[in-house]
Amino acid sequence: DLLNSKRKEVGSKRDKLQNGLDKLEYAERQVAQLEIDLKAKQPVLAKTLEEVKATSEIVAKEKEAANVTKTKVEKQANRAKIKADECKAIEDDAQKDLDSALPLLDQAVKILKELNEGDITILKSFVQPPAAVVMTMEAMCIMLKKAPILVLDKNGNKRVKDYWSVAKRESLANPRKFIQGI
C-alpha cells in the first residue's frame, strides 16, 4: 500500500516533469521560430517604407509633369501598399503566434518551478526508469548538448545511445544545481 502510494506520487511528479519539459521545449521552438520570422520580415517592412517615402518625394518634385508622372506614381504606390499590407499581415500573424506561445512558456516555467530536490532524488534512484523518464532525460541531454554514451542493447547485438546514464551522472547527481539550471 505504501509502495503503490509512492509509485503514484513518483508517477505524478514524473508526469509533471515530463509535461513541463515538453511545454518548455515546445514554447522554446515557437519563440525561436517567431524570432526568426520577425527578423526575416524586418527588411521587407523597411524596404516597403523606403519605397513609399521615395514615391511621395517623386510626386512632390514632379508636380509640373503631373499627367505623365501620375500614372507611374499610382502604380508604385499600389505596389508599395500591397507590400505594406503583406508586411502588416505577416507582422500580425507573427504577433499572434508569439501571443499564443508566451502563455505556454509561462505555464512550462511554472511547472518547472514546482520541482523540488526530492523529486530529482527519486528520479536519480531509478535503476531502470520508466520509458517516459528516459525520453525526458534524453530530451534534456539533447537540449543541454550532453553527448550520450554507447552501450550494447539488451540482446548484445548492437550499440545504442544511453542518455539515462549521462543524465544521472551529469545532471541528476546534484539535484539543487539541476533545479537551478532549469
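**Close-up views of a predicted model**

**View 1. Cysteine 141 and its surroundings.** Cysteine 141 is buried, and its relative accessible area is 0%. This view comes from a predicted model, and the residue at its centre belongs to helix H4. Which residues does cysteine 141 touch, not counting residues up to four places away in sequence? They are Lys146, Tyr163, Val166 and Ala167. Serine 171 is a handy second landmark here: it lies 30 residues from cysteine 141 in sequence, while the two C-alpha atoms are 8.5 Å apart in space.

**View 2. Helix H1 against helix H4.** Stepping back from cysteine 141, we can look at how its helix, H4, packs on H1. The axes of H1 and H4 (residues 131–143) are 10 Å apart and make an angle of about 35°. The crossing of these two helices is left-handed. On the H1 side, the residues that meet H4 are Arg14, Leu17, Gln18, Leu21, Glu25 and Glu28. Facing them from H4 are Ala132, Val133, Thr136, Met137, Ala139 and Met143. Sorted by class, this contact has seven nonpolar, two polar and three charged residues.

**View 3. Arginine 29 and glutamate 25, a pair within H1.** Glutamate 25, already met in the contact of H1 with H4, also forms a salt bridge with arginine 29. The closest N and O atoms of this pair are 3.4 Å apart. How far apart are the two residues in helix H1? They are four residues apart in H1 (residues 2–61), so about one helical turn separates them. Both ends of the bridge are partly exposed: arginine 29 has a relative accessibility of 47%, and glutamate 25 has one of 27%.

**View 4. Aspartate 15 and arginine 14.** Arginine 14 is another H1 residue that meets H4, and its side chain forms a salt bridge with that of aspartate 15. The N to O distance is 3.1 Å. Aspartate 15 counts as partly exposed because its relative accessible area, 41%, lies between the 20% and 50% cut-offs.

**View 5. Glutamate 51 and lysine 83, a link between helices.** Here the side chains of glutamate 51 and lysine 83 meet in a salt bridge, at 3.5 Å from N to O. Which helices hold the two partners? Glutamate 51 sits in helix H1 and lysine 83 in helix H2 (residues 66–113), so this pair, 32 residues apart, links distant parts of the chain. Glutamate 51 is partly exposed at 25% relative accessibility, as is lysine 83 with a relative accessible area of 30%.

**View 6. A salt-bridge network.** Lys6, Glu9, Lys13 and Asp119 are joined into one network by salt bridges that share partners. For context, a search of the whole structure gives eleven salt bridges.

**View 7. Lysine 16 on H1.** Lysine 16 is a residue of helix H1. Is it buried or partly exposed? Lysine 16 is partly exposed, with a relative accessible area of 45%. Beyond its neighbours within four places in sequence, lysine 16 is in contact with Ile111 and Glu114. The C-alpha atom of isoleucine 120 is 12 Å from that of lysine 16, and the two residues are 104 residues apart along the chain.

**View 8. Confidence along the chain.** The mean pLDDT of the chain is 88, with 99% of its residues at 70 or more. Where is confidence lowest, and where is it highest? Confidence is lowest in helix H6 (residues 175–181), with a mean of 83, and highest in strand E2 (residues 159–162), at 93.

Definitions and conventions. Residues numbered from 1 in each chain as written. Predicted model: local features only at pLDDT ≥ 70, side-chain atom pairs only at ≥ 80, totals over all residues. Heavy atoms only, no water. Salt bridge = Lys/Arg side-chain N within 4 Å of Asp/Glu carboxyl O. Buried < 20%, exposed > 50% of the residue type's maximum accessible area, 1.4 Å probe, protein only. Contact = heavy atoms within 4.5 Å. Axes fitted to C-alpha atoms, helices over the stretch in contact; angles between N-to-C directions. Left-handed = near helix turned anticlockwise from the far one by under 90°. Nonpolar A, V, L, I, M, F, W, Y, C, P; charged D, E, K, R; others polar. pLDDT = per-residue confidence, 0-100.
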